[in-house]
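Subject: The two-chain model, with notes

Hi,

Here is the structure I promised to pass on. Have a look at it first, and then read on for what turned up.

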Amino acid sequence: MSYLKSKFHHPKLAKNDLGLTYRDYEGALSTLCAGCGHDAVGAALVQACFELSLEPHKVAKLSGIGCSSKAPTYFLGKSHGFNTVHGRMPSVATGASMANRSLKYVGMSGDGDTASIGMGQFAHVVRRRLDMTYIVANNGVYGLTKGQTAATADKGSHTKKGEEILWSAIDLPTMALQLGATFVARSFSGDKDQLVPLLKAALCHEGFAFIDVLSPCVTFNNHATSTRSYDYVREHVEAGNIADFVPSREEITTKYAEGESKDICLHDGSLIRLHKGKDGYDPTDRFAAINAIEQHRIKGEILTGLLYCDPTLRDMHDFLGTTETPLNTLDEKTLCPGNHALAGINNSFR
Amino acid sequence: MKTINSVNEFVIRFANTNGTGSASANNMFAKAIFRMGVPVSPRNVFPSNIQGMPTWYDVRVSEKGYLGRRAGGADIVVAMNAQSMVDDVQSVEAGGYFLYDSTKEIDPQLMRKDITFLGMPISAICLREYNDPRQRQLFKNVIYVGALAALLDMDFDVLKGLIADQFKGKEKLISPNVHALELGYQYAKTNFNCPLSIRVQKSDKVGNRILIDGNTAAGLGAVYGGATVAGWYPITPSTSVVENYEKYCNRLRIDPASGKKNFAVMQAEDELAAIGIAIGGGWNGARSFTATSGPGISLMTEFLGLAYFAEIPVVLIDVQRAGPSTGMPTRTQQSDILACAYASHGDTKQVLIFPSTPTECFHMTADAFDYAERIQTPIMVMTDLDLGMNDHMSDELSWDDSRTYDRGKVLNAQQLEEVEEFGRYLDVDGDGICYRTYPGTHPEKGIYFTRGTSRNEYAAYTERGEDYVRNMERLNKKFRTAAEILPQPEMHSQNKGSKIGVVYFGTTNAAMDETFDLLRAQGQNVDGMRLKAFPFAKAVEDFIEQHDQVFVVEQNRDAQMRTLLMNELDIDPAKLIKVCNYDGLPITADFISTTILDHIAVAPASKVARG
C-alpha cells in the first residue's frame, strides 16, 4: 500500500477552462480501506468539480465525524475544509453560508452522522433549503468504530457477525423529499457514469441538493447477508432515469423522441437531460418520487438516479432577504450605525 | 402606630397576576419616578408561566442611588392578586401601607395593626366606567397608578407624558388611559390623606442616564460590534438578546440601495445548532454570536470545545438563571461560571467577561467581537436574569465613531503572496495567536483544513505526542495573552492599608455602594475589586496578595468564582471567604455586609496569616 502520493502527472493531462487538471482537485492520499466506496465518491466529486471548472478555493467542504467525514481530506486539497463534530455539520454549514453566500458548499456525511446523531440537524438544514450539496456516503454500518449497525441498514438483513437487524431502516431521500429538499438523488459509488452527472447537477443547483450514495464498506459490510455489499447493490439497483448533465455553454445537439427524455434547466442555464428508465416517472413530481422510492423498496430494489428536482424554489438566503454581498466582507462603515443613531435610542429609554 | 416617613427612599411592591397587562402600568410608574429625577431600580419577579400565576414588580426608589435589591419587605404593597394576598400582607414593613382592591371585602383575619390599609374599589370603578371586559381588566392597572400619583405626590404631568409616549401613533388610546389615571387620582385625593408619609419629590440625581435592560443593551452591542450572523434558540432569560439584535438590525442594517439585510438571523432547532451556526459564521469570517442560558450552555459544551481547539472566534451571551437542570428558570443566579470557564471535555479553558450594568452589556458585547477575533476563541459574556431582563438606571449609550473593528490576525490574498510560508497554527509572533485565512481568499495559498482533531503547525492531522503537547502549550500561552487583552478589574479602594478585600462581579455590583456604606458605618473600611474577565489579570493576583482576608461575593451555592480563583491562581483556600446568596433573588447589601461582619467578628483579619 502506498503511503506517499505521487505529484507526477502526464504533461498532456487534459485541462479544463481554468487551465487546471483533475489533479488540481485531488486531496491528500486516502487513509480509508482499499476499495472503500467513499474514495470512489471523492473521485467522482473531483471529476465533477474538474469538469465544471469550479475554482477550487471557491468551494468549502464540510463534514461531521466518521469514515465519510474523514473523506474531505482526500479530495479538493485546494479548498478550505471544516471537519466539525459528529452530526452537526449542517449547522456549521448554515452559519458558513450565512457569512458568505458566494462560495459553493459541499457537505460530506455518513449514515451515522446524518441518520442517527445528526438526524435533527439534517431535518432542519433541509427545511431551510440551504444552498449546498449534501452527500451521504451510505454503507449501512459504523466503520470507524468497527462494525455496529447504522439506522439506514435494512431491517431483516444481517451484520457481519450474523446478528439480524431488528429496526426499521431510515430512507434519507424520502425524508429529504418530505422536508422540502429541492434536489434529491440516489446513486451508487460503483457507478461513476451515473454519479458524476448527478454531482455536477447538484453542484449547479441553487438550493438544497441531496445525494444519497450507496457506498459499500469493504471491511464491515460486504458479506453475503448484507444488503449494502457491492454485489447486493449491483444486483438490486434500478435506475429510474439516466441523467446527462449539459453545461450552459454547450450546444444541445442530441435529439430524443418525445416522451423519452425530459430536460430540467438549472439556475445557471445548465441542463439536466433525463432519459427514462423502465419504470420512469416524472422527477418534477415530489409525490411520484416518494411513491416510486417506496414501490421499488417493496420489490427489493433500490431506486437510483435523479429522484426529484425543482429548480424554481427559493433557497435560505432568499427567505432571509440577505444582501448579495458576502456578510464577511462588510466593514464598520456599513455595519456600525454610529454615535448619532444612539441619540434617539437613548431617548427611547428615558 | 409607628409610620415610615420617607422622601425618595422606599420600596414599593406590585402584586399582580401575570397575563393581565400589569407590566406596562408598573413600568410606567417606575419610569415616572425616573423622569422626576429620582433613581429607581425596578425588578420583575415573575413565574415560568404565561397566564394566571402570581407575579411581583418591586420598585426601589433611592435618592442615595442604592440600586441593588433591598432586603426585607416593601414599604408599600399594591395588592391586585387575591391568590397571593396572604403573603402580600405579610410582606409589608411595619409602618407601611397596603393598597388593595376593596370591591370585595378583605378577609378580616388578614388585617394587621402595624400597617395602614388603603382600600379602593378598583374593580367596581372599572365596572362602572367600562363596558369591554378587556378594558375593565387593563384599566385596573392604570387606575392604581393614578391613585399612587396622589398618594406619593407624583408629578401628574409626567404620567400623562408617559402615556402620550407609549401610545404615539395610536392617539385614540391616549385619552381613555389618561381618564383611567384621573379616576384613580381623584379617588385617592377624595378618600385618603394625600400625600402619605412616604412620598416622592423631584430631584436631579438621574442626569443623562437611561433606564434600559441588559438584553436590549447586549443586542444593541452586537449591532454596533458588527455582528452579522446570529444563530439562536429561545430560552428564558436570554431570548430578548437576539430579538433586540434583530429588531435594531431591521431598523439600522438595511442596505439602502437594495433594501436587503446586512445581517442574517437563524432561529435554530436547538442550542447545539445555534452555536454551530455561530461557529460556522465565525470560521467563515463573519462576526457571529448566539445567546443562551444554563441549559443551553450544557448543550453547547461539545461545540465550545471544538471552537476552543480549532480556534474559531465566536461570541456567546450567557444570561444566567437558577440551575441546576431546569432549576428556577425565571430567577437569577451566577451559577454557570465553572461550566463556562471549563466548558467541554479535555483540557479546555474559555474566556469570560462580566458586565455589571446594561451600559456594560452594550460595550462589552461590542468589545467581545474584537476579543473573539483577536484571540481566535469563544468569548462568553456572562450576564444574568436580573441584569438581562430588568430595567436598570445606567449611563447613556455612546460610540466612538473613530473606532475600527479589530479583525485579528487574518491574512488577505496580497499578504499571502508576501509571506514566505503559511502555517495556520504557526506561532509567528510568539503570543500564541496564529494567522488565519478566510475560505476563498487565494487560489493557491493559505488553504487549510480546520478540525477538532489534533494537528501540527500546518494544520495536518497528527497523533504524535510531541506535536499535540506543543499545540496544547501554545493554547495555554494564548490564554495568558488573553489576560492582557481583556478588561482589567475595577478597584474600589476605601483606604490604603485595609487588610480586608471584597471581590465581586456582575450584578452584585449594584449592591456594593450600599454594602461599603453599611460596612463603614460599622467601622470597617474594606477594599473592593470588581472582576471583569477570566483569565484573571495580574492585578487580580496582586489584590488578593495585598489583603489578609478576601471575601468573594457571588450568587451561587458552591462559590464557583472562589474555586476558579483558587484553581487558577493557586490561592490558599483559607484566605478566600465565600459570601454566597443563591435563593434566586438578586443579592442584597444587607446580606453581604452582615455575612462579612459576622465573619470578621469570629476571625479578625489580623489573625489570618498572609497567604
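A residue is called buried here when its relative accessible area is under 20%, exposed when it is over 50%, and partly exposed in between. Please keep in mind that this is a predicted model.

With that cut-off in hand, start with helix H6 of chain A, which covers residues 172-179. Its buried residues are Leu172(A), Pro173(A), Thr174(A), Met175(A), Ala176(A) and Leu177(A). Because six of its eight residues are buried, the helix is largely enclosed by the rest of the structure. Gly180(A) follows H6(A) and has a positive phi, near 105°.

Next, the way the two chains meet. On the chain B side 70 residues are in contact with 55 residues of chain A. Together the chains bury about 5200 Å², with carbon and sulfur atoms giving 62% of it. Within chain B, the residues that lose the most area to chain A are Glu269(B), Trp283(B) and Phe449(B), which together make up 12% of what that side buries. The polar side of this interface comprises 25 residue pairs in polar contact. H9(B) gives the largest share of the chain B side, eight residues. Sorted by class, the chain B side holds 35 nonpolar, 20 polar and 15 charged residues.

Four salt bridges run between chain B and chain A, while the structure as a whole holds 50 over all chains. Two pairs that cross between the chains may be handy to find on screen:

- Glu444(B) and Lys78(A) form a salt bridge, with the closest N and O atoms 3.2 Å apart. Glu444(B) sits in the loop between helix H14 (413-418) and strand S18 (449-451) of chain B, and Lys78(A) in the loop between helix H2 (67-70) and strand S2 (80-83) of chain A. Lys78(A) has 21% relative accessibility, so it counts as partly exposed.
- Glu324(A) forms a salt bridge with Lys260(B), the closest N and O atoms being 3.0 Å apart. This pair joins two chains, because Glu324(A) is in the loop between helix H10 (316-320) and helix H11 (332-335) of chain A and Lys260(B) is in the loop between helix H8 (239-252) and strand S11 (264-267) of chain B. Lys260(B) is partly exposed, at 29% relative accessibility.

Now for the inside of chain B. This chain is divided into domain 1 (6-199), domain 2 (212-394), domain 3 (413-485) and domain 4 (490-607). How far apart do the C-alpha centres of domain 2 and domain 3 of chain B lie? The separation is 25 Å. At their interface, 21 residues of domain 2 of chain B touch 23 residues of domain 3 of chain B. The area buried between these two domains is about 1900 Å², and 58% of it comes from carbon and sulfur atoms. Trp283(B), Phe309(B) and Glu311(B) supply 34% of the area that domain 2 of chain B buries against domain 3 of chain B, more than any other three residues.

These two domains of chain B also share four salt bridges. Glu311(B) makes a salt bridge to Lys478(B), with 2.9 Å between the closest N and O atoms. Twelve residue pairs are in polar contact across this domain interface. On the domain 2 side, helix H9 (271-283), helix H10 (294-310) and helix H12 (358-375) of chain B each supply at least two residues. That side divides into ten nonpolar, six polar and five charged residues.

Two more charged groupings in chain B deserve a mention. Asp467(B) forms a salt bridge with Arg464(B) at 3.1 Å between the closest N and O atoms. Asp467(B) is buried at 8% relative accessibility, whereas Arg464(B) is partly exposed at 47%. A network of salt bridges links Arg287(B), Asp367(B), Asp370(B), Glu373(B), Arg403(B), Arg407(B) and Arg436(B).

Finally, a single residue to zoom in on: Thr330(B), in strand S14 (residues 328-332) of chain B. Is Thr330(B) buried or exposed? Its relative accessibility is 8%, so Thr330(B) counts as buried. Leaving aside residues up to four places away in sequence, Thr330(B) touches Phe46(B), Pro47(B), Ser48(B), Thr236(B) and Leu385(B). The side chain of Thr330(B) comes to 2.6 Å from the backbone oxygen of Phe46(B), and it makes a polar contact of 3.1 Å with the side chain of Arg331(B).

Happy browsing, and best wishes!

Definitions and conventions: Residues numbered from 1 in each chain as written. Chains lettered and ligands numbered in written order. Predicted model: local features only at pLDDT ≥ 70, side-chain atom pairs only at ≥ 80, totals over all residues. Heavy atoms only, no water. Helix = DSSP H or I, 4+ residues; strand = E, 2+ residues; numbered from the N terminus. Buried < 20%, exposed > 50% of the residue type's maximum accessible area, 1.4 Å probe, protein only. Contact = heavy atoms within 4.5 Å. Polar contact = N/O pair within 3.5 Å; in protein donor to acceptor, adjacent residues only side chain to side chain. Domains from an automatic or database assignment. Buried area = accessible area lost by both parts, 1.4 Å probe. Salt bridge = Lys/Arg side-chain N within 4 Å of Asp/Glu carboxyl O. Nonpolar A, V, L, I, M, F, W, Y, C, P; charged D, E, K, R; others polar.
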